[in-house]
Every structure is written in C-alpha cells, then in structure tokens.
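Got your viewer open? Let's take a short walk through this model, one selection at a time.

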There are 2 protein chains.
Amino acid sequence: MGATKHFMYTDSCNEIANIAKVFAHPARVAILKYISEQEGCICNDLVEDIGLSQATISQHLSVIGDAGLLQGRFVGKRKCYCLNSDRFKEFQILMNVFFIKTTSNCC
Amino acid sequence: MGATKHFMYTDSCNEIANIAKVFAHPARVAILKYISEQEGCICNDLVEDIGLSQATISQHLSVIGDAGLLQGRFVGKRKCYCLNSDRFKEFQILMNVFFIKTTSNCC
DNA sequence: TCGTAATATCGCAATATTACGATGATAAGT
DNA sequence: ACTTATCATCGTAATATTGCGATATTACGA
C-alpha cells in the first residue's frame, strides 16, 4: 500500500506524469530557469544562487538529468550544465498535446 | 528537514511546481483524460475505469479540484465533474511561457 | 606530492504522498 | 422509516521525496 501503481495506467499517462515530476519541485524549476537564463554554462553557482546545500542541488540535478533534460560536460574540475533542448521540446509537445486534447465543458 | 522550502523560491517557481504536481501522478492524468474524453459529465465511473478504490479516486479528485481545475455539481446523489477550461488554459499558458523562455544551449 | 575546489554519492532523519478500509453524509427509491 | 447508491472524509500503513552532513572522487595549482 502507498506506492503508485504504474501498471494500471497507459504509457501515455505514465509518461506525462514522469515529465511533470521534474517540474513538480520549485528547486528544479529554479534550476532550469537559472541554467537557461545564464545562456552559457554553470556549475556550483546554483548552490549560491538557490541556497540549498550542495548535496541537495546535486540530487535535483540528477533527477532533471535522468529525465534527459540536461547535457553536462566536465571542464577541468567544473561541470558545465546546459539544457538538452531537443528533449525539452519533446516535453513541451507532449504536454501541449495533452492540453489541446482536453477541452470539455459541461457544468 | 525533509520538507520543501517554499519560501526560498520565487512565486513563479512555486506556482509552476504546484501546477506540475497535479500532473505528476498518472492517476490524475488518467482522470483528466477521462473527464475530457467523455465530453459530458462523469461520477464514479472513474472508479471502474481506472481501478483504484473510491476513496483514492476521491482524494485525487480533490487534489485536482484544489488546483482549480474542476467544476463539480451534484445532480441528485451523483456528482457531475467537468473541467474548468478557463483555469486549464491558464495552466497551459504558464507552462508554455516557461518552456518558451528556456532555450539555451551551450554544451 | 599535498592541499584545495568541485561534484557525486551514501546514509539518515523529517516530511509528504499514495492507497485503502471504515465511517459519515446526503439523496433517491421502496 | 428503511435500504441502497454515491461521494467525502478520517485514520492509518506503506512508500517516496526532500534535505543535509559526511565522505568519496577527480582535477587543478603550488
């Protein structure tokens, strides 16, 4: 009891839920915003900018990364993160398809 | 420890996270899909269609409702649910604004 | 080589979410 | 009045998420 029963849902529903989970924490939204606004790369500036511990930021980054939304590459001892914009667009399209399909109204 | 520190983030980040949370569970995505596909109203058909208990479905409905996404009205002993499409559009716009703003690429 | 900076990971505590049975409330039909 | 149907809520167990300190790991510069 207590665990989401993924097998009960269509792939489409599970996929949208997984995408949404990335955005479902304000720290991750803030990270994505920061990365995109800097245009260039970033590293541990996020720790200073956002104010969470380094361990926590790193954890959020890996959640975002697991969803395929980040590209990261080491430049010396620093790691440069940026958006995987192709994947980002896939996300956008999936969400929009869902939004467009849902337009009922009866009450 | 362990609780999301909402005060650390901008209103915008918190708002997007709150919206995303509605979609971050496949049952809620399935519910929204079902309601919109039926075009008309529904009630406890969701319990049969999705296969979760009535208590659980009701709980998910209230999460969706708290976000302002549902309109419900009792017709006798049955409750008719449908989408609040204005609010739904607001959601869509907020997500899209976020998506559009994030277009960096450096790696 | 040694110390330091940057990042990732482990382990744990605190909190949140998910799911369900039981119970309550309301309305319809008998 | 009694039963049944429909939905909400309460209480609770199971599980997941969040956050951080401590500890690796790797790369750089002195």
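**Stop one: DNA strand C**

Select N44(A) first: one of its polar backbone atoms is 2.8 Å from a phosphate oxygen of DNA strand C. Keep in mind along the way that this is a predicted model. Next, pick K79(A), where a polar side-chain atom lies 3.1 Å from a phosphate oxygen of DNA strand C. Then cross to the other protein chain and click Q59(B); a polar atom of its side chain is 3.1 Å from a base nitrogen of DNA strand C.

Now widen the selection to the surroundings of DNA strand C. You should find 26 residues, the closest being G2(A), K5(A), C43(A), N44(A) and Y81(A). Color them by class and you get nine nonpolar, 12 polar and five charged residues. Which element gives the most to this surface? Highlight helix 4 of chain B, which supplies four residues. On the DNA side, 67% of the strand C atoms within 4 Å of the protein belong to sugar or phosphate, and the rest to bases.

**Stop two: DNA strand D**

Move to DNA strand D and select Y81(B). An N or O atom in the side chain of Y81(B) is 2.4 Å from a phosphate oxygen of the strand. K79(B) is worth a click too: here a polar backbone atom sits 3.1 Å from a phosphate oxygen of DNA strand D. At G2(B), look for a backbone N or O atom 3.5 Å from a sugar or linking oxygen of DNA strand D.

Around DNA strand D there are 27 residues, and by class they are nine nonpolar, 12 polar and six charged. Show helix 4 of chain A to see the largest share of this surface, four residues. Of the strand D atoms within 4 Å of the protein, 68% are sugar or phosphate atoms, the rest base atoms.

**Stop three: two helices of chain B**

Hide the DNA and select residues 11-23 and 26-37 of chain B, helix 1 and helix 2; they pack at about 80°, with axes 6 Å apart. The two helices are therefore roughly perpendicular to each other. Show side chains where they meet: K21(B), V22(B) and F23(B) from helix 1 face R28(B), V29(B) and L32(B) from helix 2. That contact has four nonpolar, two charged and no polar residues.

**Last stop: a salt bridge in chain A**

Finish with E90(A) and R87(A), which form a salt bridge with their closest N and O atoms 2.9 Å apart. Both residues lie in helix 5 of chain A, three residues apart, about one turn of the helix. Over all chains, the structure holds two salt bridges.

Terms used. Residues numbered from 1 in each chain as written. Chains lettered and ligands numbered in written order. Predicted model: local features only at pLDDT ≥ 70, side-chain atom pairs only at ≥ 80, totals over all residues. Heavy atoms only, no water. Axes fitted to C-alpha atoms, helices over the stretch in contact; angles between N-to-C directions. Parallel < 35°, antiparallel > 145°, perpendicular 65-115°, else oblique. Contact = heavy atoms within 4.5 Å. Nonpolar A, V, L, I, M, F, W, Y, C, P; charged D, E, K, R; others polar. Near = heavy atom within 4 Å. Polar contact = N/O pair within 3.5 Å; in protein donor to acceptor, adjacent residues only side chain to side chain. Salt bridge = Lys/Arg side-chain N within 4 Å of Asp/Glu carboxyl O.
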